[in-house]
Amino acid sequence: MELSDLKKYVPFSEIDDKYLEDALGQIAEKSFYKGEMLFKRGRSVAERFYLISGRVDLIDSAYVSTPVESNRKIVANPLNPESPTRCSCIAKSQVKVFSIEAEVLDRIVAWSESAAYAYDQKESEVESSLMVTGEIEVSSIADEDATDWMSSLLQSPLFTRIPLTQVQELFSRFKDIAVKKGDIAVKEGAKGDFFYVLASGLAHVTNRSESVDVILEPGNYFGEEALLGDTSRNATITMLEDGHLKKLDAEDFESLLKAPILQYLQTDELESLDKPHKIIDVKMPLEYRMFHVSGSINVPLSRLRSSMLELAKASAYVIPDDAGSRADIAAHLLCQAGFDAYILKSES
């Protein structure tokens with residue numbers, strides 16, 4: 001399959017080419033004979049199937065059959081956009097499809113969406129002092145009166161959400177790294193395995209496309225989005241002078257900085273919130289049109305940052321989890337900015 005062919009399908013049509021190259025390496029083409037079942041209703045299916053040629057019938061719980069043919073526009077969408085599946089899929093002719101692991105697709109989409117942030121801090125009235133480049137987010141925790149990196153962390157909106165009983169444990173898990181001028185702290189394309197705080201020194205953020213050129217100062221932290229989305233780094237950070245980094249590994253980040261921050265709700269718990277709430281769907285527009293929670297508004301992850309000025313802190317924001325790891329990233333970003341955010345768990 002060529003890149004141009006892949007871009008005919010959702011959500012690949014909205015992903016930058018450099019991320020589609022990764023997707024191409026993960027897809028598999030398959031053929032089915034007339035009468036064969038591609039997947040059965042009510043089952044958890046690890047792959048997303050897309051129709052290349054032929055015709056299939058999607059049969060729902062009421063045994064209503066919906067034909068899907070390769071020459072129809074609906075073919076751009078996955079045959080099974082959700083798991084567990086809502087329909088059974090039967091080949092009504094010789095059929096050719098391609099498939100990709102849902103978890104892999106989720107990571108690719110999360111990476112591409114996360115990399116699409118573009119926000120000017122100087123125009124922001126958001127109190128969280130967030131600084132975002134075109135490819136990587138760096139959050140400022142520095143304060144003019146802060147005397148060390150620990151006190152700076154504790155003053156940020158994100159870290160105020162951590163129970164006091166866990167604060168000491170958190171700081172004890174940070175490891176100190178002495179770095180020299182010219183050292184690379186984070187390399188673009190590498191696996192995201194640590195969360196970092198720049199304790200001293202200056203660092204330079206760049207990327208291969210030359211769309212990022214940012215200087216980091218003591219009190220900046222970075223690396224959480226790659227951990228939340230289980231994606232690779234999308235920028236390189238090089239030390240401009242000698243300094244120190246504090247790092248937290250993925251397991252400690254999960255237990256001490258993700259688990260205490262992210263809050264989950266079931267649909268029947270929404271009315272128990274003590275403030276008004278809005279449901280924000282962070283999927284891409286075409287994904288949103290295909291399926292979304294009733295009453296939700298579409299704010300793709302790539303536009304969430306620029307939309308924060310329109311959000312009222314008197315409200316709670318609920319992110320449906322059908323966006324996969326993008327829901328985790330969105331909720332974490334909202335919490336960093338001082339908002340109350342929850343993840344809405346899908347009904348099984």
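**Entry 1: Asp5 and its partner**

I looked up Asp5 and noted that it counts as partly exposed, because its relative accessibility is 27%. I keep in mind throughout that this is a predicted model. The side chain of Asp5 meets that of Lys8 in a salt bridge, with 3.8 Å from N to O. For Lys8 I read a relative accessibility of 57%, and therefore I entered Lys8 as exposed.

**Entry 2: salt bridges between loops**

I then searched the whole structure for salt bridges and found 14. One of them joins the side chains of Glu188 and Arg208, at 3.6 Å from N to O. Glu188 sits in the loop between β11 (184–186) and β12 (194–200), while Arg208 sits in the loop between β13 (203–206) and β14 (213–216), so this pair ties together parts that are 20 residues apart in sequence. I asked myself whether Glu188 is buried or exposed. Glu188 counts as buried, since its relative accessibility is 10% and the cut-off for burial is under 20%. Arg208, by contrast, is exposed, with a relative accessible area of 62%.

A further bridge that I wrote down is the one in which the side chains of Lys283 and Asp322 meet, at 3.1 Å from N to O. This pair links distant parts of the chain, 39 residues apart, with Lys283 in the loop between β19 (277–281) and α8 (285–290) and Asp322 in the loop between β21 (316–320) and α10 (325–336). Lys283 is buried, at a relative accessible area of 5%, whereas Asp322 is partly exposed, at 28%. I also noted that Glu254, Lys258 and Asp328 form one network, joined by salt bridges that share partners.

**Entry 3: nonpolar cores**

I turned next to the interior, and asked which residues have the most contacts inside the largest nonpolar core. They are Phe195 and Leu334, in a core of 41 residues. The elements that give two or more residues to this core include the helices α5 (164–173), α6 (224–229), α7 (250–258), α9 (301–307) and α10, along with the strands β12, β21 and β22 (340–344). The largest share comes from α10, which supplies seven residues.

Looking at Phe195 by itself, and not counting residues up to four places away in sequence, I listed among its contacts the aromatic residues Phe159, Phe174, Tyr221, Phe222 and Phe253, the leucines Leu227, Leu248 and Leu257, and also Glu224, Lys246 and Lys247. Apart from this core lies another, of 17 residues, among them Ile15, Leu20, Phe98 and Met284.

**Entry 4: cysteines**

I wanted to know how many disulfides the structure holds, and the count is zero. Cys87 has its closest cysteine sulfur in Cys89, at 8.8 Å, which is too far for a bond. I also looked at Cys335, and entered it as buried because its relative accessible area is 0%.

**Entry 5: the chain as a whole**

Finally I recorded the totals for the protein chain, whose secondary structure comes to 10 helices and 22 strands. The chain has 348 residues, and buried residues make up 49% of them. It exposes about 16600 Å², of which carbon and sulfur atoms supply 47%. Among contacts with a separation of 6 or more, 74% are between residues 24 or more positions apart.

Key: Residues numbered from 1 in each chain as written. Predicted model: local features only at pLDDT ≥ 70, side-chain atom pairs only at ≥ 80, totals over all residues. Heavy atoms only, no water. Salt bridge = Lys/Arg side-chain N within 4 Å of Asp/Glu carboxyl O. Buried < 20%, exposed > 50% of the residue type's maximum accessible area, 1.4 Å probe, protein only. Helix = DSSP H or I, 4+ residues; strand = E, 2+ residues; numbered from the N terminus. Core = buried A, V, L, I, M, F, W, Y, C linked by side-chain atoms within 4.5 Å. Contact = heavy atoms within 4.5 Å. Areas by Shrake-Rupley, 256 points an atom, 1.4 Å probe, with all protein chains shown as cover. Disulfide = S-S within 2.5 Å.
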